Amino acid sequence: MSSPVVTVKNHSSRAIYIDSDPNWDDQELLLDDKPLRRGFALQPDLAARISVDWSGPGNAYMMGVIFADGPDYDYCGDGFYQLTIGQDEDSGLLDVTDGGGEAKIAYSISQQAPWSMTMDFADS
């Protein structure tokens, strides 16, 4: 069994809020190998790992995650990205495969492998 693992690095000047996508109600998002019960604020200059327990072959829809530039993203107060993370169907590498959004933070993806990748966040 392999699990998708995303290393999230915060290079921005603000906290990044990480939360499980409510549309993925059967998913238990893990933050540093512990269940994420509510949103988590990743402070500037810190990193964390997000993942889910996964059994079976990889696919494009393994994890649903919200990254926001503030805690009030649920009520349109803060910007956010609502993303699906999984293996890209063409390359087989872990990637953002669906979703979008807009925030005061921007992300880039690096160090991609079939079951891992890094997301770097910075001020946009």
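These legends walk through several views of one predicted protein model, from the whole fold to single residues.

The model is predicted, and local features are described only at pLDDT of at least 70, side-chain atom pairs count only at pLDDT 80 or more, and totals for chains, interfaces and linings use all residues. Residues are numbered from 1 along each chain as its sequence is written, and side-chain values use heavy atoms, leaving out hydrogens and water.

**View 1. The whole protein is built from strands.** The protein has 11 strands and 0 helices, where helices (H or I, at least four residues) and strands (E, at least two) are DSSP runs numbered from the N terminus. Read from that end, the elements run β-β-β-β-β-β-β-β-β-β-β. How large is the box that the C-alpha atoms fill? Taken along the principal axes, the box is roughly 35 × 30 × 25 Å. The radius of gyration is 13 Å, which agrees with the value near 14 Å for a compact globule of 124 residues; the radius is taken over C-alpha atoms, and the globule rule is 2.2 Å times the number of residues to the power 0.38. Contact means heavy atoms within 4.5 Å, and among contacts with a separation of 6 or more, 52% come from residues 24 or more positions apart.

**View 2. The surface and its charges.** About 6,600 Å² of the protein is exposed, and carbon and sulfur atoms supply 45% of this area; accessible areas come from the Shrake-Rupley method with a 1.4 Å probe, and for residues only the protein chains shown count as cover. Of the 124 residues, 42% count as buried. Buried means under 20% relative accessible area, exposed over 50%, and partly exposed in between (1.4 Å probe, protein chains only). There are 7 positive and 21 negative side chains, and the centres of the two sets lie 11 Å apart. Here Lys and Arg count as positive and Asp and Glu as negative, while His and the chain ends are not counted; each charge is placed at NZ of Lys, CZ of Arg, CG of Asp or CD of Glu.

**View 3. The largest nonpolar core, with Val-6 as a guide.** In soluble globular proteins, nonpolar side chains tend to be buried together. A nonpolar core is a set of buried Ala, Val, Leu, Ile, Met, Phe, Trp, Tyr and Cys residues joined through side-chain atoms within 4.5 Å. The largest one here has 26 residues, and those with the most contacts inside it are Val-6, Ile-18, Ile-50, Phe-67, Ile-85 and Met-119. Elements giving two or more residues to this core include strand E1 (5-10), strand E6 (47-51), strand E8 (80-87) and strand E11 (116-123). Which residues does Val-6 touch, beyond those up to four places away in sequence? They are Ala-48, Arg-49, Ile-50, Met-63, Ile-85, Leu-94, Met-117 and Met-119.

**View 4. Asp-95 and Thr-97 in strand E9.** Asp-95 has its place in strand E9, and Thr-97 is found there too. Not counting residues up to four places away in sequence, Asp-95 touches Thr-84, Ile-85, Gly-86, Asp-88, Ile-109, Gln-112 and Met-117. With the same kind of neighbour left out, Thr-97 touches Ala-60, Thr-84, Ile-85, Gly-86, Gln-87 and Asp-88. Thr-97 is partly exposed because its relative accessibility is 26%. The C-alpha atoms of Asp-95 and Trp-115, 20 residues apart along the chain, are separated by 9.4 Å.

**View 5. Asp-32 and Gln-111, with positive phi.** Most residues other than glycine have a negative phi. Asp-32, however, has a phi near 50°, and Gln-111 has one of about 50°. Asp-32 sits in the loop between strand E3 (30-31) and strand E4 (34-35), while Gln-111 belongs to strand E10 (residues 105-113). Are these residues buried or exposed? Asp-32 is partly exposed, at 33% relative accessibility, and Gln-111 is exposed, at 58%.

**View 6. Ser-2, before the first strand.** Ser-2 lies in the segment before E1. Leaving aside neighbours within four places in sequence, Ser-2 is in contact with Trp-54 and Trp-115. Ser-2 and Gly-56 are 54 residues apart in sequence, yet 7.9 Å apart in space, C-alpha to C-alpha. Ser-2 counts as partly exposed because its relative accessible area is 31%.
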